[in-house]
Amino acid sequence: MSKQALTSRRNSFAGLCATLLLVLMLSMQTTALAQDNADYQAERERAMQLYNQSNFIDALPLLEKLSKSNPSDVGVLEALGFSLTASTATIKDPNERARVRERARLTLLHAQELGDNSSLLQITLENLAAGDVVGLPFSNLKEADAAMREGEAAFARGEMDKALAAYERALKFDPKLYYAAVFAGDVQFKKGYNTTDPAQKNALLNSAGEWFKRAIAINENIETAHRYWGDALMAQDKKDEARDKFIEAIIAEPGNRRGYGGLTQWAENTQTNMAHPKIEQPASKIGSSTDKGQTTITIDPKTFDPNSPDYYWTFYDLTRATWGKTNFAKEYPNEKEYRHSLKEEAAALSTVAEIAQRDLKSGKVKSLNDSLMNLISLYNDGLIEAYIFFTRPDKGIVQDYNSYRQTHRDKLRLYWTKYVMEANNQQRKF
């Protein structure tokens with residue numbers, strides 16, 4: 001055999017060996033990767049089990065390790081961010097709490113960058129942005145405050161029975177301590193949610209509801225207990241009752257997005273469409289000017305044509321232009337300065353509804369658009385004020401909410417159940 005042939009053969013043999021070695025290495029790497037993935041999943045399952053049991057302290061080191069192994073695991077990042085936040089309840093040093101809170105914030109922001117947009121993430125970020133409240137007292141009564149802190153620390157460790165006992169003790173010291181009742185209910189909810197025994201689950205969730213009911217009796221105008229009760233009812237598949245609690249959460253605090261989040265999740269779960277009545281208001285065609293105490297109003301003559309789509313809304317503008325001077329002082333005698341109010345806005349919208357409905361009934365016009373029909377329907381049901389609060393509030397109008405809610409909670413509730421739930425943008429009948 002020639003030297004050239006021998007060299008060629010040796011090269012072929014070397015190439016074969018190299019190929020076999022590469023296959024072997026790839027096989028070993030694949031086996032190692034599969035093993036690593038199996039280990040990761042097992043560790044992840046263990047960490048999430050602790051997290052779901054609200055044992056945030058024990059879950060933390062596992063979640064930390066997992067987040068380093070896979071910085072793109074959104075579920076782990078969210079759980080880590082929330083656990084870090086929860087762990088601050090056990091940290092006494094305010095500087096250390098600030099450090100952990102910042103780590104939690106950065107972790108959650110990273111999860112958000114990766115596409116996490118869950119309600120829990122949003123709410124936790126809002127809580128972090130609101131500042132460190134751990135140092136603030138739960139109660140002015142020393143014994144009640146100490147019991148609450150003991151309960152919070154036990155809850156963060158997943159020691160639910162100890163947490164419940166502490167919250168109960170806090171409520172005995174301070175019977176008006178709203179969050180003692182709320183947190184006690186949350187403990188029962190967590191215990192019920194994580195049990196597999198149907199009878200025990202139902203009993204615990206019912207107990208949670210009783211605690212939330214007790215919190216609402218202390219203060220019905222905080223959204224938390226309503227929303228938590230809705231979650232407990234959803235866990236029992238009591239969807240209609242849960243819906244009502246989520247609506248109550250919105251009514252309690254219409255400016256708090258968390259209440260809306262509860263109802264939105266309910267709608268997604270039940271595949272229910274929600275929409276406020278469609279009322280499109282054209283831009284004003286009225287101008288006004290004041291000179292030496294005299295106000296001059298200018299109106300585009302075209303708007304007084306009943307066939308014009310803007311015709312009826314002209315009466316809204318006219319009402320608004322004169323209401324402040326003629327009615328505000330009488331309706332709000334304790335206020336020295338004019339502001340846009342609920343009564344003014346309701347008067348303007350009611351005027352539009354009254355005139356449009358009168359013309360339709362008399363035959364002056366044969367039909368009205370959807371916006372006017374929806375407005376007439378709200379007017380006939382006495383729900384224009386509710387519609388205003390939830391769709392067009394401003395800093396003047398919101399000042400009237402608490403007093404209105406005190407005597408008209410039923411109307412606020414009816415607005416949501418009758419007008420927002422399901423598709424409510426079709427033309428109204430009356």
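**Entry 1: a pocket**

I began with the second largest pocket of this model, which holds about 180 Å³ of space; I note at once that the model is a predicted one. Looking up what lines the second largest pocket, I found Ala-89, Thr-90, Ile-91 and Lys-92, together with Arg-97, Val-134, Gly-135, Arg-149 and Ala-153. When I sorted the lining of this pocket by class, I got four nonpolar residues, two polar ones and three charged ones.

**Entry 2: the cavity**

I then turned to enclosed space. How many cavities of 30 Å³ or more does a search of the whole structure find? The search finds one, and the space in this largest cavity comes to about 30 Å³. I wrote down its lining as Pro-282, Ala-283, Ser-284 and Lys-285, with Asp-310, Trp-313, Thr-314 and Asp-317. By class, the lining of the largest cavity divides into three nonpolar, two polar and three charged residues.

**Entry 3: the chain as a whole**

I stepped back to the overall make-up, and recorded 17 helices and two strands in the protein chain. Of the 430 residues in the chain, 42% are buried. I also looked up how far along the sequence the contacts reach: among those with a separation of 6 or more, 61% are between residues 24 or more positions apart.

**Entry 4: His-340**

I looked for His-340 and located it in the loop between α13 (313-331) and α14 (342-362). Is this histidine, His-340, buried or exposed? Its relative accessible area is 15%, and because the cut-off for buried is under 20%, His-340 counts as buried. Which side chains does the side chain of His-340 meet in polar contacts? I found one such contact with the side chain of Glu-345, at 2.8 Å, and another with the side chain of Asp-394, at 2.5 Å. Setting aside neighbours within four places in sequence, I listed the contacts of His-340 as Arg-320, Glu-345, Asp-394, Gly-396 and Ile-397.

**Entry 5: aromatic rings**

I next went through the aromatic residues, and the structure holds 23 aromatic pairs. One of them joins Tyr-311 and Tyr-312, whose ring centres lie 4.7 Å apart and whose planes stand at 75 degrees, so the pair is edge-to-face. I checked the burial of each partner, and Tyr-311 counts as buried at 7% relative accessibility, while Tyr-312 is buried with a relative accessible area of 3%. Phe-328 and Tyr-332 make a stacked aromatic pair, with 5.1 Å from centre to centre and 25 degrees between the planes. I noted that Phe-328 and Tyr-332 are buried as well.

I also looked up an aromatic cluster, and wrote down its members as Tyr-260, Phe-389, Phe-390, Tyr-401, Tyr-404, Tyr-415, Trp-416 and Tyr-419.

**Entry 6: two residues with positive phi**

I searched the backbone for positive phi values in residues that are not glycine, and Ser-54 came up with a phi of about 65 degrees. Where does Ser-54 sit? I found Ser-54 in the loop between α1 (3-52) and α2 (56-69), and this serine is buried, with a relative accessible area of 1%.

Gln-271 is another residue other than glycine with a positive phi, near 55 degrees. I placed Gln-271 in the loop between α12 (257-270) and β1 (286-291). Its relative accessible area is 73%, and because exposed means over 50%, I recorded Gln-271 as exposed.

**Entry 7: Asn-269**

I ended with Asn-269, whose place is in helix α12. At 47% relative accessibility, Asn-269 counts as partly exposed, because this class covers the values between the buried and exposed limits of 20% and 50%. Which residues does Asn-269 touch, not counting residues up to four places away in sequence? I found Met-234 and Lys-239. For Lys-239 I also noted the spacing: Asn-269 and Lys-239 are 30 residues apart along the chain, and their C-alpha atoms are separated by 9.2 Å.

Notes. Residues numbered from 1 in each chain as written. Predicted model: local features only at pLDDT ≥ 70, side-chain atom pairs only at ≥ 80, totals over all residues. Heavy atoms only, no water. 1 Å grid on protein atoms, 1.4 Å probe; cavity = no way out; pocket = protein on both sides within 12 Å on 5 of 7 lines; lining within 4 Å. Points joined across faces, edges and corners; volume = space filled by probe spheres on them. Nonpolar A, V, L, I, M, F, W, Y, C, P; charged D, E, K, R; others polar. Helix = DSSP H or I, 4+ residues; strand = E, 2+ residues; numbered from the N terminus. Buried < 20%, exposed > 50% of the residue type's maximum accessible area, 1.4 Å probe, protein only. Polar contact = N/O pair within 3.5 Å; in protein donor to acceptor, adjacent residues only side chain to side chain. Contact = heavy atoms within 4.5 Å. Phe/Tyr/Trp six-rings, centres within 6.5 Å; stacked < 30°, edge-to-face > 60°.
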